[in-house]
Amino acid sequence: MNAQPSERVDYVDPGDRVVAQGGRAEGQPAGLLRRYAATVCTDHAGRVLLYRRTATAPAYPDHYDVLVGGAVRTGEQYRAAALRELREELGWSTVTGLTEAYRIRVDDPHGDCFLAVHRWVADRAPRPDPREIAWCGFVAPLAVMTGGYTPLVPAGAEAVRRLFPL
């Protein structure tokens, strides 16, 4: 999700312990990390939801991704942030069976962070927010890695490798 001027986030130390808060638009304090929560959605056939970010996305514009998510707000838990992002970006207001798959530190040119990746099997079609998502559809995981969906957000490519081993 795009950062709102008033959006406040927690900053954590290398042990993922909250040590500061601030406005997301103010920039990341040196030596601290942001927290992000994302979800890899599949359908009942095992296909993964792939989407293309808009041309105006602040990070990785026009890239493909499988991670639907965003920043964890101040006082919010990873799971709650993942649920909020699914509602905001894809219109899924109720999500049953969301599970955390893994948590990892990501060193990224757009800011280092801790990323909690969740999984969810979608039980209905998405209603993507056109301000966030230019296109989306369910595709075979193998097609994501070999089917010409480039450029692909690096953390999304890593999620496919981890969750759908060839």
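Let's start with one residue, Y51: this tyrosine is buried, with a relative accessible area of 3%. Buried here means under 20% relative accessible area, so Y51 qualifies. Before I go on, please keep in mind that this is a predicted model.

Where does Y51 sit? You'll find Y51 in strand β4. If we leave aside its neighbours within four places in sequence, Y51 is in contact with H63, Y64, D65, V66, L67, V68, I133, W135 and C136. One of those partners, L67, deserves a second look: the side chain of Y51 reaches the backbone oxygen of L67 at 2.7 Å. For a sense of distance, take D107, which is 56 residues from Y51 in sequence and 22 Å away in space, C-alpha to C-alpha.

Now let's step back to the whole chain. How many helices and strands does the protein chain have? The secondary structure comes to 3 helices and 9 strands. Reading along the sequence, you get the pattern β-β-β-β-β-β-α-β-β-β-α-α.

What about overall dimensions? Taken along the principal axes, the C-alpha atoms fill a box of roughly 40 × 30 × 30 Å. The radius of gyration is 15 Å, and because a compact globule with 166 residues would have a value near 15 Å, the two agree. Buried residues make up 50% of the 166 residues, and Y51 is one of the buried ones. As for contacts with a separation of 6 or more, 60% of them are between residues 24 or more positions apart.

Next, let's look for open space. Rolling a probe the size of a water molecule over the atoms shows where empty space is left. In this model, the largest pocket has a volume of about 720 Å³. Of the 34 residues that line this pocket, the closest to its centre are R24, Y36, R53, A59 and Y60. The elements giving two or more residues to the lining are β3 (34-42), β4 (48-53), β6 (68-71), β8 (113-121) and α3 (154-163). Which element gives the largest share? That is β3, with 4 residues. By type, the lining divides into 19 nonpolar, 7 polar and 8 charged residues.

I'd like to pick out Y60 from that central group. Y60 belongs to the loop between β4 and β5 (64-65). Is Y60 buried or exposed? Y60 is buried, because its relative accessible area is 14%, and the cut-off for buried is under 20%. Not counting residues up to four places away in sequence, Y60 touches R53, D108, P109, H110, V153 and P154. Remember that R53 was also among the residues closest to the pocket centre. Here is a nice case of chain distance against space: Y60 and P151 are 91 residues apart along the chain, yet their C-alpha atoms are separated by 8.8 Å.

My last stop is D129, in the loop between β8 and β9 (133-139). This aspartate is buried too, with a relative accessible area of 12%. A polar contact of 2.7 Å joins the side chains of D129 and R131. Beyond residues up to four places away in sequence, D129 touches E88 and E89.

So that's our tour: Y51 in strand β4, the largest pocket with Y60 among the residues closest to its centre, and D129 in the loop between β8 and β9. Thanks for listening!

Technical notes: Residues are numbered from 1 along each chain as its sequence is written. This is a predicted model: local features need pLDDT of at least 70, side-chain atom pairs count only at pLDDT 80 or more; totals for chains, interfaces and linings use all residues. Side-chain values use heavy atoms; hydrogens and water are left out. On a 1 Å grid over the protein atoms alone, a cavity is a set of points where a 1.4 Å probe fits but cannot get out, and a pocket is an open set with protein on both sides within 12 Å along at least five of seven lines; lining residues have an atom within 4 Å of a point. Grid points are joined across faces, edges and corners, and a volume is the space filled by probe spheres set on the points. Ala, Val, Leu, Ile, Met, Phe, Trp, Tyr, Cys and Pro count as nonpolar, Asp, Glu, Lys and Arg as charged, and the others, Gly among them, as polar. Buried means under 20% relative accessible area, exposed over 50%, partly exposed in between (1.4 Å probe, protein chains only). Contact means heavy atoms within 4.5 Å. A polar contact is a pair of N or O atoms within 3.5 Å; within protein, one must be able to donate a hydrogen and the other to accept it, and residues adjacent in sequence count only if both atoms are side-chain atoms. The radius of gyration is taken over C-alpha atoms; the globule rule is 2.2 Å times the number of residues to the power 0.38.
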